[in-house]
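Subject: The structure, and what turned up in it

Hi,

Here is the structure I said I would pass on. Have it open while you read, and my notes follow below.

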Amino acid sequence: MPVTTDTAARRGPYDVLFRHVLARLDPEQAHLLTLRALSLAHAVPGAPRLLRRATGTPDPMRPAGTGRRVLGAEHSSPLGLAAGLDKDGELPLAFLDLGFGHVEVGTVTAKAQPGNPRPRSFRLVGDRSLINRMGFNNHGAQALAHRLAAARRTERGQRAVIGVNIGKSKITALEDAAEDYRFSAGLLAPYASYLAINVSSPNTPGLRDLQSVEMLRPILEAVVDESRSAARRLRREVPVLVKIAPDLHDSDVTAVARLAAEVGLAGVIATNTTISRPEELRAERAEIARIGAGGLSGPLLARRSLEILRLLRAELGEEAVVISCGGVTTAEDVRERLAAGADLVQGYTAFIYEGPGWPGRIARALRR
């Protein structure tokens with residue numbers, strides 16, 4: 001996707017920073033530096049208010065009733081942050097102050113794990129895309145529960161829409177996956193605005209096999225059971241969604257949708273990254289081969305993500321929630337997903353290329 005002069009001008013200083021500094025760093029190192037910088041900035045007294053003012057983000061303490069209501073919560077913008085950027089829930093409130101309507105933290109696993117060997121994150125700059133094979137590196141469900149509990153003790157944190165994306169621990173056998181997901185759900189449901197079941201990452205061996213209806217059913221049932229137990233204690237619902245891959249055949253998408261409805265899920269998130277390498281990629285094939293395995297994200301996912309969104313909406317009807325993710329860059333992209341039946345939209349890769357002002361720009365354009 002070419003970068004127009006207008007787009008580059010809107011990014012301004014970030015475009016210069018990205019091209020001359022961040023793009024020269026290993027993508028994972030750049031990611032960690034960005035998180036640290038945002039953490040330091042957000043910790044300065046008065047900084048959250050300044051961030052909201054700079055990005056045009058509404059005051060989170062404003063009277064209720066002015067946002068989009070989905071999954072039992074109000075969203076100041078339909079665009080949220082997809083899982084993967086804030087794996088350990090370190091900065092959900094800071095990302096909300098940048099203009100996202102919700103933040104999905106994770107993917108987190110029952111047991112802490114280091115993920116795959118480095119290097120494991122790669123840029124395709126000409127395609128404004130990423131390839132990653134991170135492998136669910138995270139500090140574990142218990143550590144995330146402590147962080148979210150601290151956030152929820154504040155008035156700001158109580159109002160925040162924070163979803164939690166849970167995955168299978170790498171050392172857990174596929175036949176024990178349901179109990180692995182149950183453990184994480186039990187720990188995290190009390191602090192989650194919703195739970196997202198990740199069975200679609202290409203970077204954990206065998207994980208995508210769990211998308212088959214036979215293997216998926218016990219996992220969905222286990223997490224729904226934990227969410228209902230938490231709901232009885234908390235006296236509020238903890239919606240559950242499942243996140244699926246763009247590489248599923250249409251018939252499998254339909255089968256997962258039917259199972260989700262049957263088990264009582266709130267809805268589906270579509271889609272995760274793809275293992276395909278479309279011919280439309282501008283990157284040299286030798287470079288793609290050098291990078292190797294991993295999930296591709298970026299604008300080239302848009303077409304398939306939109307197709308799956310329409311399939312899901314047709315199968316699930318109007319009651320279920322569908323969150324559309326994959327290839328979203330502009331406000332027009334978000335409008336197109338909403339028009340096609342999405343209740344909410346998520347982005348990740350565009351944030352890397354467009355910079356911290358991106359979610360606020362999208363939110364303002366949608367409000368106009």
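In which sense do strand β9 (residues 240-244) and β10 pair, and over how many bridges? They pair in the parallel sense, over four bridges. Before going further, please keep in mind that this is a predicted model.

**Around β10**

To find the β9 contact on screen, start from L241, whose bridge partner in β10 is G267. The route from β9 to β10 goes through helix α10 (residues 250-263), and this β-α-β crossover is right-handed. On its way β10 also meets strand β12 (residues 321-325): four bridges join the two, and they run parallel. There the residue to click on is A270, which has S324 as its bridge partner in β12.

As for the side chains, in a regular strand they alternate between the two faces of the sheet. In strand β10 (residues 267-270), G267 and I269 point one way while V268 and A270 point the other way, and all are buried.

**A hairpin and its neighbour**

Strand β5 (residues 121-124) and strand β6 (residues 129-132) run antiparallel and are joined by four bridges. R123 is the residue standing opposite L130 in β6. Together β5 and β6 make a hairpin with four residues between them. One of the turn residues is R128, which has a positive phi of about 50° although it is not a glycine. R128 also counts as buried, at 9% relative accessibility.

β6 has another pairing, with strand β11 (residues 295-297), in the antiparallel sense over three bridges. N132 marks the spot, with G295 as its bridge partner in β11.

**Aromatic rings**

Three aromatic pairs came out of a search of the whole structure. One is F100 with F351, a tilted pair at 5.7 Å centre to centre with 45° between the planes. F100 sits in the loop between α5 and β4 (103-108) and F351 in helix α14 (residues 349-354), so this pair ties together parts that are 251 residues apart in sequence. Are these two rings buried or exposed? F100 is buried, with a relative accessible area of 1%, and F351 counts as buried too, at 7% relative accessibility.

F100 also pairs with W358, this time edge-to-face, at 6.2 Å centre to centre and 70° between the planes. W358 belongs to helix α15 and F100 to the loop between α5 and β4, so the pair ties together parts that are 258 residues apart in sequence. W358 is buried as well, with a relative accessible area of 1%. Taken together, ring pairs link F95, F100, F351 and W358 into a cluster.

**Empty space**

The search for cavities of 30 Å³ or more, run over the whole structure, gave one. About 40 Å³ of space lies in the largest cavity. Among the residues that line it are T55, G56, S76, S77, G99 and R367. Which helix gives the most to this lining? That is helix α15 (residues 358-367), with three residues. By class, the lining has two nonpolar, seven polar and one charged residues.

The second largest pocket holds about 630 Å³ of space. It is lined by 32 residues, and the closest to its centre are A73, E74, R159, A160 and V161. β2 (73-75), α5 (92-97) and α7 (155-159) each supply at least two residues of that lining. Sorted by class, the lining has 14 nonpolar, seven polar and 11 charged residues.

**Backbone oddities**

Most residues other than glycine have a negative phi, and most peptide bonds are trans. With that in mind, here are a few places to look at.

- The peptide bond from G106 to T107 is cis, with omega near 10°; T107 is found in strand β4.
- The peptide bond from R118 to P119 is also cis, with omega near -5°; P119 lies in the loop between β4 and β5.
- L71, though not a glycine, has a positive phi of about 55°. L71 lies in the loop between β1 (68-70) and β2, and is buried, with a relative accessible area of 16%.

Happy to go through any of this at the screen with you.

Cheers

Conventions:
Residues are numbered from 1 along each chain as its sequence is written. This is a predicted model: local features need pLDDT of at least 70, side-chain atom pairs count only at pLDDT 80 or more; totals for chains, interfaces and linings use all residues. Side-chain values use heavy atoms; hydrogens and water are left out. On a 1 Å grid over the protein atoms alone, a cavity is a set of points where a 1.4 Å probe fits but cannot get out, and a pocket is an open set with protein on both sides within 12 Å along at least five of seven lines; lining residues have an atom within 4 Å of a point. Grid points are joined across faces, edges and corners, and a volume is the space filled by probe spheres set on the points. Ala, Val, Leu, Ile, Met, Phe, Trp, Tyr, Cys and Pro count as nonpolar, Asp, Glu, Lys and Arg as charged, and the others, Gly among them, as polar. Rings of Phe, Tyr and Trp (its six-membered ring) pair if their centres lie within 6.5 Å; planes under 30 degrees apart count as stacked, over 60 as edge-to-face and the rest as tilted. Buried means under 20% relative accessible area, exposed over 50%, partly exposed in between (1.4 Å probe, protein chains only). Two strands pair if DSSP finds at least two bridges between them. A crossover is right-handed if, with the strands pointing away from the viewer, the path from the first strand over the helix to the second runs clockwise.
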